[in-house]
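I opened this model to look up its strands, its helices and a few backbone outliers. My notes follow in the order in which I looked.

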Amino acid sequence: MTERAPQENRASGGHRAVPGRPAADEADVIVVGAGPAGSTTAFYLAQAGLDVLMLEKSRFPREKVCGDGLTPRAVKALVGMGINVGEQDGWVRNKGLRVIGAGKRLELPWPELTSYPGYGLVRTRRDLDQTLARRAQQAGAKLLEGVTVTGPVIDDRTGQITGVIAKAEDDQSQEGSPRTYTSRIVVAADGNSSRLSVAMGLRRRDDRPLGVAVRTYYRTPRHDDDYLESWLDLWDGDRLLPGYGWIFGMGDGTSNVGLGLLNTSAAFGNTDYHALLRRWLKSMPAEWGYTEENRTQPIRGAALPMGFNRTPHYHRGLLLAGDAGGMVNPFNGEGIAYAMESGEILARTVTQALARSRRAETEQVLAGYPRALSQAYGGYYTLGRAFVKAIGRPHLMHFATKHGMSRPALMRFAIKLLANLTDPRGDAADRLVNGLSKLAPNPE
């Protein structure tokens, strides 16, 4: 392995380790953030024998705004980490997607594939994220909770990031006395805002899609629904509202209910999302229980960074994973599967890079990470960006829904496309989705 970077570093926007202080904590790789992307990255790196340090600003268990629904793609990633997803361990299975739109209701089972299991799951992010973080610890990664990263450590000579500055929430020392952590590689898995990426000069791209989602929980008799439910059009009386909605039964007496809106909609940024959710739910049957007196948690919102909306994914020793790199699927707003898959791709790249004997060779391997992501998702995300532009027009979306819902075969194709669930050598629908993804240009 190559030599460790010097601990005494400085750069504009970065920090220098404080002389006279105890030696900074060191690792082969620092992973900032212990959500699905960070924990998956740390798991696979630790499995490969690397010394991994995860820094998480919160403490587990913690809440996270999410729909809590997991497609077969995410299930595959969980099983790949050796996580038991049985119902006896708190996981709630679902058979597929129920689509509601244009006055019609259609139940679409998850496709039967060799590449992915034929079921999805539901689990709160409070439980899911803690499960993944503990799994990374079991593999050998070190996790520090309640530690907020405040900036990068940058080598004057090379301009490379060689660590981070962080502050523990229970640190009673004077302000301005943060702790330095050094490493050979740093991973930003710190979510949509990704302050570490911004500190390294990587800002969100305005030419890529962005969504906003709000969700809450209601006590309801529909809590044990075995289908994820997606509403393709939202109505306030006879008025079509922007966006799409979901209802996912949690199996515990409550449902996760929420809606999303894309920045291609004229209503984006000019909408009271909490009021929008309430107006939509007023149209629901009273016996479903989606009323204020049955709401069990506050209405919370979060951004959905889609289609590689922060690039490059490797920059001066920093690699981006999950939401930090804008890896949410533009077609359906799914982020967990792609966070976990990108973490595995990243870990595989870093493991090979750190096995090289010369720094130049290591750098060459790391530079291949964006290409690996592009090969995995590039063409598909290009299609997704075109899709996002189209459905940003509510009446166009309503037209497509009206004509699509009456054609079950078309909707079965749509679920494969929207959920990115195909076999390499599958049926005609698989070949069409795969062919379109290959033909679409990879994003720059």
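I count two strands as paired if DSSP finds at least two bridges between them. The model is a predicted one, and I kept that in mind throughout.

**Entry 1: the hairpin of β9 and β10**

I began with strand β9, residues 147–154, and strand β10, residues 161–168, which pair in the antiparallel sense over 7 bridges. I picked out one bridge, in which Val 153 has Gly 163 of β10 as its partner. The hairpin has 6 residues between the strands, and I found a positive phi near 75° at Gly 159. I then checked burial in β9: 6 of its 8 residues are buried, so β9 is largely enclosed by the rest of the structure.

**Entry 2: the open sheet**

Next I looked up the strand order. I read an open sheet of 7 strands, β6-β5-β13-β16-β17-β12-β18, with mixed pairing. Its edge strands are β6 (104–109) and β18 (300–305), each of which pairs on one side only. Neighbouring strands are turned against each other by 20° on average, direction ignored.

At the β6 edge I checked the pairing with strand β5, residues 96–101, and it is antiparallel over 6 bridges. Gly 96 has Pro 109 in β6 as its bridge partner. I also noted that helix α5, residues 273–281, packs on the sheet and touches β12 (210–219), β13, β16 and β17. The direction of α5 makes about 120° with that of β17.

**Entry 3: strand β16**

I asked myself which strands pair with β16 and over how many bridges. Strand β13, residues 227–231, pairs with β16 in the antiparallel sense over 3 bridges. Strand β17, residues 254–262, pairs with β16 in the antiparallel sense over 6 bridges. For the β13 side I recorded Glu 229, whose bridge partner in β16 is Ile 247. For the β17 side I recorded Gly 245, which stands opposite Leu 259.

β16 and β17 form a hairpin with 4 residues between them. Gly 251, in the turn, has a positive phi of about 75°.

I then went through burial in β16, residues 244–249. I found 6 of the 6 residues buried, so this strand is largely enclosed by the rest of the structure. Side chains in a regular strand alternate between the two faces of the sheet. I therefore checked the two faces of β16 separately, and both are covered, as the burial of every residue in the strand would suggest. Tyr 244, Trp 246 and Phe 248 are buried on one side, and Gly 245, Ile 247 and Gly 249 are buried on the other.

**Entry 4: helix α2**

I turned to helix α2, residues 72–80, and listed its buried residues: Pro 72, Arg 73, Ala 74, Val 75, Ala 77 and Leu 78. These pack against β3 (69–70), β7 (120–122), α3 (125–139), α6 (336–354), α8 (369–391) and α10. After α2 comes Gly 82, with a positive phi near 80°.

**Entry 5: helices α10 and α11**

I looked up how helix α10, residues 408–419, packs with helix α11, residues 428–439. The angle is about 40° and the axes are 10 Å apart. That makes α10 oblique to α11. The crossing of α10 past α11 is right-handed.

For the contact I noted Phe 413, Lys 416 and Leu 417 from α10, and Ala 429, Asp 430, Leu 432 and Val 433 from α11. By type, the residues of this contact are 5 nonpolar, no polar and 2 charged.

In the loop between α10 and α11 I found Asn 420. Asn 420 has a positive phi of about 55° although it is not a glycine. Is Asn 420 buried or exposed? With a relative accessible area of 10%, Asn 420 falls under the 20% cut-off, so I logged it as buried.

**Entry 6: other backbone outliers**

Arg 316 is another residue with a positive phi, about 50°, although it is not a glycine. I placed Arg 316 in the loop between β19 and β20 (318–320). Its relative accessible area is 30%, so I logged Arg 316 as partly exposed.

I closed with cis peptide bonds. One joins Phe 60 and Pro 61, with omega about -5°, and Pro 61 is in the loop between β2 (52–56) and β3. Another joins Thr 311 and Pro 312, with omega about 0°. I found Pro 312 in the loop between β18 and β19 (314–315).

Definitions and conventions: Residues are numbered from 1 along each chain as its sequence is written. This is a predicted model: local features need pLDDT of at least 70, side-chain atom pairs count only at pLDDT 80 or more; totals for chains, interfaces and linings use all residues. Side-chain values use heavy atoms; hydrogens and water are left out. Axes are lines fitted to C-alpha atoms, for helices over the stretch in contact, and angles run from 0 to 180 degrees between N-to-C directions. Angles under 35 degrees count as roughly parallel, over 145 as roughly antiparallel, 65 to 115 as roughly perpendicular and the rest as oblique. A crossing is left-handed if the near helix is turned anticlockwise from the far one by less than a right angle, and right-handed if clockwise. Contact means heavy atoms within 4.5 Å. Ala, Val, Leu, Ile, Met, Phe, Trp, Tyr, Cys and Pro count as nonpolar, Asp, Glu, Lys and Arg as charged, and the others, Gly among them, as polar. Buried means under 20% relative accessible area, exposed over 50%, partly exposed in between (1.4 Å probe, protein chains only).
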